[in-house]
Amino acid sequence: QVQLVESGGGLVQAGGSLRLSCAASGRIFGINDMAWYRQAPGKQRELVADISSGGLTNYADSVKGRFTISRENAKNTVYLQMNSLKPEDTGVYFCNADVTTILWSRRDYWGQGTQVTVSS
């Protein structure tokens, strides 16, 4: 089994910053892509940013220039630095990882989600 545990969410005023972390643990052989998604109330879950094992990144247009995704492969951890936050960034942020386990199975795993609330 593999577990993803997120941390770093909270309440912040518009223009502020937050840093999310997500640590993967368990029977991990290797982690391919890692990503952050978010879901606002009444809306579908959407991709915020992703990063390959080699460090290639991709961002949603709405967060380009404000958010930065990074990872520490030795710690099986992915981060999301969020700057210049806007009220429309409010939502539950989920970590996702494409994991190959030590039993040679490969699938996506999700964290439990962390709430980010940006007040105007």
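In this predicted model, Asp 98 has a relative accessibility of 14% and therefore counts as buried, since the term buried applies to values under 20%. The partner of Asp 98 in a salt bridge is Arg 106, and the closest N and O atoms of the two side chains are 2.7 Å apart. Arg 106, in contrast to this buried partner, has a relative accessibility of 55% and so counts as exposed, the limit for that term being over 50%. Side chains of opposite charge can pair when their charged atoms come close.

Arg 106 also appears among the contacts of Thr 100, a residue that lies in strand 9. With a relative accessible area of 13%, Thr 100 is buried. When its neighbours within four places in sequence are left aside, Thr 100 is in contact with Arg 27, Ile 28, Phe 29, Gly 30, Asn 32, Ser 105 and Arg 106.

One of these contacts, Phe 29, takes part in an aromatic pair. Two such pairs are found when the whole structure is searched. In the pair formed by Phe 29 and Trp 104, the ring centres are 4.6 Å apart and the planes stand at 45°, so the arrangement is described as tilted; planes under 30 degrees apart would count as stacked, and those over 60 as edge-to-face. The two residues belong to distant parts of the chain, since Phe 29 is found in strand 4 (residues 28-39) and Trp 104 in the loop between strand 9 (91-101) and strand 10 (106-110), with their positions 75 residues apart in the numbering. Phe 29 has a relative accessibility of 53% and counts as exposed, and Trp 104 is likewise exposed, with a relative accessible area of 63%.

Both members of this pair also belong to a nonpolar surface patch of about 520 Å², which is made by Phe 29, Ile 102, Leu 103 and Trp 104. Within this patch, Ile 102 is placed in the loop between strand 9 and strand 10. The relative accessible area of Ile 102 is 47%, and this residue is therefore partly exposed.

Aromatic rings are also involved in the surroundings of Arg 45. This residue lies over the face of Phe 94, at 3.7 Å from the ring centre, and the charged end of Arg 45 sits over the ring of Trp 110 as well, at 4.7 Å from the centre of that ring.

Turning to charged pairs, the structure holds six salt bridges. One of them joins Arg 38 to Asp 89, with the closest N and O atoms 2.9 Å apart. This pair connects distant parts of the chain, Arg 38 being in strand 4 and Asp 89 in the loop between strand 8 and strand 9, 51 residues apart. Arg 38 is buried, with a relative accessible area of 7%, and Asp 89 is buried too, with a relative accessible area of 0%. Arg 38 and Asp 89 are, moreover, members of a network of salt bridges that also includes Glu 46 and Arg 66. A further salt bridge is formed where the side chains of Lys 64 and Asp 61 meet, at 3.1 Å from N to O, and here both residues are exposed.

The loop between strand 8 and strand 9 also holds Glu 88. Glu 88 is exposed, with a relative accessible area of 55%. The C-alpha atom of Glu 88 is separated by 9.5 Å from that of Ser 62, although the two residues are 26 residues apart along the chain.

Finally, two residues are distinguished by their backbone angles. Most residues other than glycine have a negative phi. Ser 84, which is not a glycine, nevertheless has a positive phi of about 50°, and this residue is placed in the loop between strand 8 and strand 9. At 42% relative accessibility, Ser 84 counts as partly exposed. A positive phi, near 50°, is also found for Asn 76, again a residue other than glycine. Asn 76 is located in the loop between strand 7 (67-72) and strand 8 (77-82), and with a relative accessibility of 23% this residue counts as partly exposed.

Terms used:
Residues are numbered from 1 along each chain as its sequence is written. This is a predicted model: local features need pLDDT of at least 70, side-chain atom pairs count only at pLDDT 80 or more; totals for chains, interfaces and linings use all residues. Side-chain values use heavy atoms; hydrogens and water are left out. Rings of Phe, Tyr and Trp (its six-membered ring) pair if their centres lie within 6.5 Å; planes under 30 degrees apart count as stacked, over 60 as edge-to-face and the rest as tilted. Helices (H or I, at least four residues) and strands (E, at least two) are DSSP runs, numbered from the N terminus. Buried means under 20% relative accessible area, exposed over 50%, partly exposed in between (1.4 Å probe, protein chains only). A charge sits over a ring if NZ of Lys or CZ of Arg is within 6 Å of the ring centre and within 35 degrees of the ring normal. Contact means heavy atoms within 4.5 Å. Patches are made of residues with over 30% relative accessible area and no salt bridge: like charges are joined within 9 Å, nonpolar side chains (Val, Leu, Ile, Met, Phe, Trp, Tyr) within 5 Å. Accessible areas come from the Shrake-Rupley method with a 1.4 Å probe; for residues, only the protein chains shown count as cover. A salt bridge is a side-chain nitrogen of Lys or Arg within 4 Å of a carboxyl oxygen of Asp or Glu.
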